[in-house]
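Trainee: Could we take a close look at one helix and follow its surroundings outward? I'd like the packing geometry first, then whatever lies around it.

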Amino acid sequence: MIEKQVNQKAWFMVLPVFLLVAFSAIIPLMTVVNYAFQDTFGSNQFYWVGLDWFKEIIHSERFHDAFFRQVAFSAIILTIEIPLGVAIALAMPKKGWGVPVCLISMALPLLIPWNVVGTIWQIFARVDIGLLGHTLTQLGINYNYTQDPVAAWITIIVMDVWHWTSLVVLLSYAGLSSIPDVYYQAAKIDGASKISIFRYIQLPKMQRVLLIAVLLRFMDSFMIYTEPFVITGGGPGNSTTFMSIDLVKMAIGQFDLGPAAAMSLLYFLVILLLSWVFYTVMSNIGEESSNGGV
Amino acid sequence: MQLELRNVSKKVGKSFHISNVSLLFEPGALNILLGPTLSGKTTLMRLMAGLDQPTAGTVHFSGKDVTGVKVQKRNAAMVYQQFINYPNLTVFENIASPLRIAKIGKTEIKERVDKVASLLKLENMLGRNPNELSGGQQQRTAIARALVKGADLVLLDEPLANLDYKLREELREELPRIFAETGAIFVYATTEPSEALLLGGRTATLHEGQVTQFGSTIDVFTKPNNLITARTLSDPPLNTLPVVKLNGRMLYKSHVEIPLIGKLPQLPDDNYTIAFRPHNLYLNRRKNTDIRVKAKVAITEITGSESYIHTDVAGVRWVLLASGVHKFGINETIDIFLDPDTFYVFDRNESLVVMPETVAGV
């Protein structure tokens, strides 16, 4: 028998990464866990409270409201951005000078930092000096996102669509350009209509990039913080207080570290769970249509 | 039912992709377009299908001018080098798709799909998705889709090029039978001379957008009108030798003398190109008139039953095809023999002036 050589050097290679992750992720996370199960009255005195904070959060109306606002927001974002992105990608030119022009103008919103996007729209939508807000008011439309919850939602949704549809467009466009020209030729010879070309050629061929787009847009919209924070600060009232904004309010505004820690753990688990669901669905459908056709 | 191209040209930008092509295809026969990549095969097929319109000339179907008629109204079908199927439809639905577009009844669809599926040996695959099939089966599905609608014109653009050797042979053997069972006009594009010869039928050789010859494949092979045709329909490549005939002597590079036998003495003094096939170059003397040449071996390729010996003879590369296994070292000097009876001779315009005795007799 030959003793299998075990190379212990690999551990040393992994060590720096492990330390880095420990300081940047694991230790802060454990601190959060620490707060979630204890209560403190200052001067570093901690009392074990078990699952009390979690029970409090799960039964609090405030958490329910934030959670449903969050789910509604992500659902609206996905139903608008995915079809719109696909439609724009389909309408984009396939060759010629239009391609770089379209691609660059599509990529521009993605290059702007999130808080800048928020600031742009915050000013843009203002009734007194903002181009959009002022124009709408002049046209006699009652629009004031600082007072009207519906206007606040519309502002944030339009902003997010403006900011992130490009991502869906770029992904779909990449999926579309991977379809060989002969597919369209064959469909043309068959006499297939535009709708059946979309249904039977383009959509199946885009399926995998689309699921990636859905996953990315879901996670991002579910964790949205910066833009609503800049534009509405969660208002008017609590109408745009999404989960991350609520969390920050609780942790930093009220300094309720215990419930905030419990809530952030729940928030993390929800995102993890939903992403896992999306991922499973994605890889299942992906497997069905992988190595298919060309 | 006939497909006729009359003086068809296709200009893209300033260059002619197809120039002045006239062809007449009869139904039931397999027509092969043979030519290297970029010789214009696909362009010509797109013109036949109606996917593109010619810059000049007309396309006639059964005597009727269909030049401006759109592809959807032409009743043509096409099979590509890539395996083009609808990825998320079953094989049955894939084959049925042109019939569904044509709004044909359910029972007739089933009948026709079953018939063509059994012709292409896909009966047991009908419930599967294309991605669960081998490359050969995927291409069979694509061919079935082209055949099922009973098109008058079926265009196959290098359909076997993406298949591996075994599947290609298998499908190639079946194709003539499949073609014979459907009455359509088949046009088959390929880059491989051996494929054209194996499939038989009629061959049009293409070179830089022009048809250099069109006739029964064997005729084109044995009696090429010109050097380009002979080169296009020859694999392994034709061996050539530029010679000058002067004062009753035929010389290569003014020192290798070619004995004037057969029809060679009757040729007027001029520049000629002698061409002969690799299997007409021999390792030993067979006739008194054979010419012995000293050759340097460049490389020997052994397929098992045959050996391709690439040789350098006074600056030209010739390939010798010998049966059995022959092993020569690189740069080894060997004697090889040419048989003037097997020579094709082309004049300075590359037109055929002398063909081998054996062929002339046929």
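Trainee: Within what distance do the axes of α4(B) and helix α5 (residues 165–181) of chain B come, and at roughly what angle do they cross?

Mentor: Happy to. A word on the source first: this is a predicted model, in which local features need pLDDT of at least 70, side-chain atom pairs count only at pLDDT 80 or more, and totals for chains, interfaces and linings use all residues. Residues are numbered from 1 along each chain as its sequence is written, and chains are lettered from A and ligands numbered from 1 in the order in which they are written.

Now your helix pair. The axes of α4(B) and α5(B) come within 10 Å of each other, with a crossing angle of roughly 35° (axes are fitted to C-alpha atoms, for helices over the stretch in contact; angles run from 0 to 180 degrees between N-to-C directions). Helices (H or I, at least four residues) and strands (E, at least two) are DSSP runs, numbered from the N terminus. On the α4(B) side, Gly135(B), Gly136(B) and Gln139(B) are the residues in contact (C-beta atoms, placed from the backbone, within 7 Å), and they meet Leu167(B), Glu170(B) and Leu171(B) of α5(B). This patch between α4(B) and α5(B) is made up of two nonpolar, three polar and one charged residues (Ala, Val, Leu, Ile, Met, Phe, Trp, Tyr, Cys and Pro are nonpolar, Asp, Glu, Lys and Arg charged, the others, Gly among them, polar).

Next comes the sheet. In chain B, six strands form an open sheet with mixed pairing, in the order β6-β7-β8-β3-β9-β10 (strands pair if DSSP finds at least two bridges between them). Because β6 (76–79) and β10 (210–216) of chain B each have a single partner strand, they stand at the edges, and one side of each is left without a neighbour in the sheet. From one strand to the next, the twist averages 15°. At the β6(B) edge, four bridges link β6(B) to β7 (residues 153–157) of chain B, and the two strands run parallel. Within that pair, Ala76(B) stands opposite Leu153(B). Here your helix comes back: α4 (residues 135–148) of chain B packs on the sheet, touching β6 and β7 of chain B, and its direction makes about 175° with that of β6(B).

For a single-residue view of this packing, try Val79(B), which sits in strand β6 of chain B. Val79(B) counts as buried because it has 23 C-beta neighbours inside 10 Å (20 or more is buried, 12 or fewer exposed, in between partly exposed). Beyond its neighbours within four places in sequence, Val79(B) contacts Ala142(B), Ile143(B), Ala146(B), Leu156(B), Asp157(B) and Pro159(B). For a sense of scale, Val79(B) and His279(B) are 200 residues apart in sequence and 35 Å apart in space, C-alpha to C-alpha.

Zooming out, chain B is divided into domain 1 (3–232) and domain 2 (239–361), with bounds from an automatic or database domain assignment. The C-alpha centres of these two domains lie 37 Å apart. Their contact takes eight residues from domain 1 of chain B and nine from domain 2 of chain B. Helix α8 (residues 227–232) of chain B provides the largest share of the domain 1 side, three residues.

Finally, the neighbouring chain: the contact takes 19 residues from chain A and 22 residues from chain B. On the chain A side, α8 (181–190) and α9 of chain A each supply at least two residues, and α8(A) gives the most, with seven.

Technical notes
Contact = placed C-beta atoms within 7 Å.
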